[in-house]
Amino acid sequence: MPDLLSWRPRFPILGNKTYLINNSLGAMPASVANSLQEYMDLWATEGVVAWDTWLPEVANTAAILEDIIGAPRGSITMCQNVTNALAEILSCLEYDGPRNEIVHCAGEFPTVEYLLDGQRRLGARVARAGSDPLVFPADELLAAISDRTVLVVLSHVLFRTAELVDVRPFVEKAHKFGALVVLDAYQSMGAVPFDVVDLDVDFLVGGSVKWLCGGPGAGYLYAHPNIVDRLEPRLAGWFSHARPFGFEAPPIEYANGIERFTGGTPNIPAYYQAREGYKIIRQIGVEAVREHARRQTGLLVDGALARGFTVNSPRDFDRRGNHVTIDLPRAQQVKDELIRRGFVIDYRPGAGIRVAPHFYNTGEECIAVLDEMVAILRTAPL
Ligand SMILES: Cc1ncc(COP(=O)(O)O)c(C=O)c1O
């Protein structure tokens, strides 16, 4: 086992907080300061010529992610967030034929559900499996896929409960019926090892804020190389063109491969920022992150149950991602008090307090946050 705790000094916040909310906002690597300085120095000294260095950074940053999930070189492009990435994918679809149904489930992140719901105005039918966001409706979701399905959208790890979804049956059925599959891997990227080619999904979307420790502003979109050149996103900008600097009149001639999804001017500083976290995750390896989480989340599940709290995450490690959702009396107020006392976690209505240790957290921190919950319930006048 690599000595993961030796990374702690490289994450400044760990020196003054018990930082356990890495499924929401991963800790900032100290090296972000130098990386952003490099970006600023280029702008300050080179002006417009900085683009010669900045533009290749888009593919360089994406390449780190490609390494992390076994994606072929040049199959990922950077964007701002999941909303943008999914909007790009949706803009390739037509809903005027019999195959016009999008299938998803009730536990998806709201940004996904809002976007999908909006497709109804364009003629799509949207089938939402399940109704309780704490229960993944596997059978219902699978049954909803048919020859009318154009797209299946599903999360790899559900953001409320941390349920880790076995995506294979959904991919197999979708492909059997000629539908495409989008995987929202935001909660698994950098936390749960997987190989995107092996999963055989058509698209993968995600962002950097969480386990990748990349901060806001850097999302990403993977499209399977076998289909990408057949896709024609309506949400296209000049960087989606085969020759952006030709400034040609429409209709657009799409760039080959994933670059057709680039859209407008890339968000360069966000990529300078995000690449620092990506590099650390690539260096450590997601397998090691996950192995660490086996022990840490095990402590949380067992410790929460032993203290009489409700655990709203699967008990079985193989069925959950790297956070644990714990419900307890007055959970929202307990969350506020924990933060006041230096324990950083969050709360999701109807689910509970989410505790998300990363590779740099200790087992003692996991126990300490549970003890603090007990102490708050006993003493604090909430
Ligand atoms: C599974 C999942 N998808 C998407 C998002 C966020 O979407 P966006 O990148 O559009 O803000 C989150 C959390 O912020 C999430 O947990």
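## Exercises on a predicted two-domain model

An open sheet of 4 strands runs in the order β9-β10-β13-β12, and its pairing is antiparallel. The model is predicted. Start with this sheet, then work outward.

**Exercise 1. Find which strands are the edge strands of the 4-stranded sheet, and trace the bridge partners across it.**

Step 1. Read the ends of the order. The edge strands are β9 (310–311) and β12 (346–348), and each of them pairs on one side only.

Step 2. Take the pair β9 and β10. They are antiparallel and share 2 bridges. V311 stands opposite I326 in β10.

Step 3. Cross from β10 to the next strand. β10 is joined to β13 (residues 352–355) by 3 bridges, again antiparallel. Here I326 stands opposite I353 in β13. V324 has V355 as its bridge partner in β13.

Step 4. Put the trace together. I326 faces V311 and also I353.

As background, strands of a sheet pair through backbone hydrogen bonds, in either the parallel or the antiparallel sense.

**Exercise 2. Describe the open sheet of 7 strands: its order, its edges and the helices that pack on it.**

Step 1. Write the order. It is β2-β8-β7-β6-β5-β3-β4, with mixed pairing.

Step 2. Explain the edges. β2 (76–79) and β4 (125–129) each have a single partner strand, so one side of each lacks a neighbour in the sheet.

Step 3. Check the twist. On average, neighbouring strands of this sheet are turned by 20° against each other, direction ignored.

Step 4. Inspect one pair. β3 (residues 101–105) and β5 (residues 149–155) are parallel over 3 bridges. Within that pair, I102 has L151 of β5 as its bridge partner.

Step 5. Add helix α3 (residues 82–90). It packs on the sheet and touches β2, β6 (180–184), β7 (203–206) and β8 (219–223). The direction of α3 makes about 30° with that of β8.

Step 6. Add helix α4 (residues 110–118). It also packs on the sheet, where it touches β3, β4, β5 and β6. The direction of α4 makes about 160° with that of β3.

**Exercise 3. State how the protein is divided into domains, and say what domain 1 brings to the contact with domain 2.**

Step 1. Set the bounds. Domain 1 covers 4–28 + 286–379, and domain 2 covers 32–282.

Step 2. Place the centres. Taken over C-alpha atoms, they are separated by 28 Å.

Step 3. Count the contacts. 26 residues of domain 1 are in contact with 24 residues of domain 2.

Step 4. Name the elements. On the side of domain 1 that touches domain 2, α9 (286–306) and β10 (324–327) each supply at least two residues. The largest share, 5 residues, comes from α9.

Step 5. Sort by class. This side of domain 1 has 9 nonpolar, 12 polar and 5 charged residues.

**Exercise 4. List the residues around the ligand and give their classes.**

Step 1. Collect the shell. The residues are N81, V82, T83, F109, T111, S155, F159, D184, Y186, Q187, G207 and G219.

Step 2. Sort the shell. It has 4 nonpolar, 7 polar and 1 charged residues.

Step 3. Map some of them to the sheet and its helices. V82 falls within helix α3 (residues 82–90). T111 falls within helix α4 (residues 110–118). S155 falls within β5 (residues 149–155).

**Exercise 5. Find the backbone features in the loop between β8 and α8.**

Step 1. Look at P250 and P251. A cis peptide bond joins them, with omega of about 5°. P251 lies in the loop between β8 and α8 (268–284).

Step 2. Look at F247. Its phi is positive, about 50°, although it is not a glycine. F247 too has its place in the loop between β8 and α8.

**Exercise 6. Say why the protein can be called as compact as a globular protein of its length.**

Step 1. Count the elements. The protein has 11 helices and 13 strands.

Step 2. Compare the radii. The radius of gyration is 21 Å, close to the 21 Å given by the globule rule for 382 residues, so the protein is as compact as a globular protein of that length.

Step 3. Add the extents. Along its principal axes the C-alpha trace spans about 70 × 55 × 40 Å.

Technical notes
Residues are numbered from 1 along each chain as its sequence is written. This is a predicted model: local features need pLDDT of at least 70, side-chain atom pairs count only at pLDDT 80 or more; totals for chains, interfaces and linings use all residues. A residue is near a molecule or strand if its C-beta atom, placed from the backbone, lies within 6 Å of it. Ala, Val, Leu, Ile, Met, Phe, Trp, Tyr, Cys and Pro count as nonpolar, Asp, Glu, Lys and Arg as charged, and the others, Gly among them, as polar. Two strands pair if DSSP finds at least two bridges between them. Axes are lines fitted to C-alpha atoms, for helices over the stretch in contact, and angles run from 0 to 180 degrees between N-to-C directions. Two residues are in contact if their C-beta atoms, placed from the backbone, lie within 7 Å. Domain bounds come from an automatic or database domain assignment. The radius of gyration is taken over C-alpha atoms; the globule rule is 2.2 Å times the number of residues to the power 0.38.
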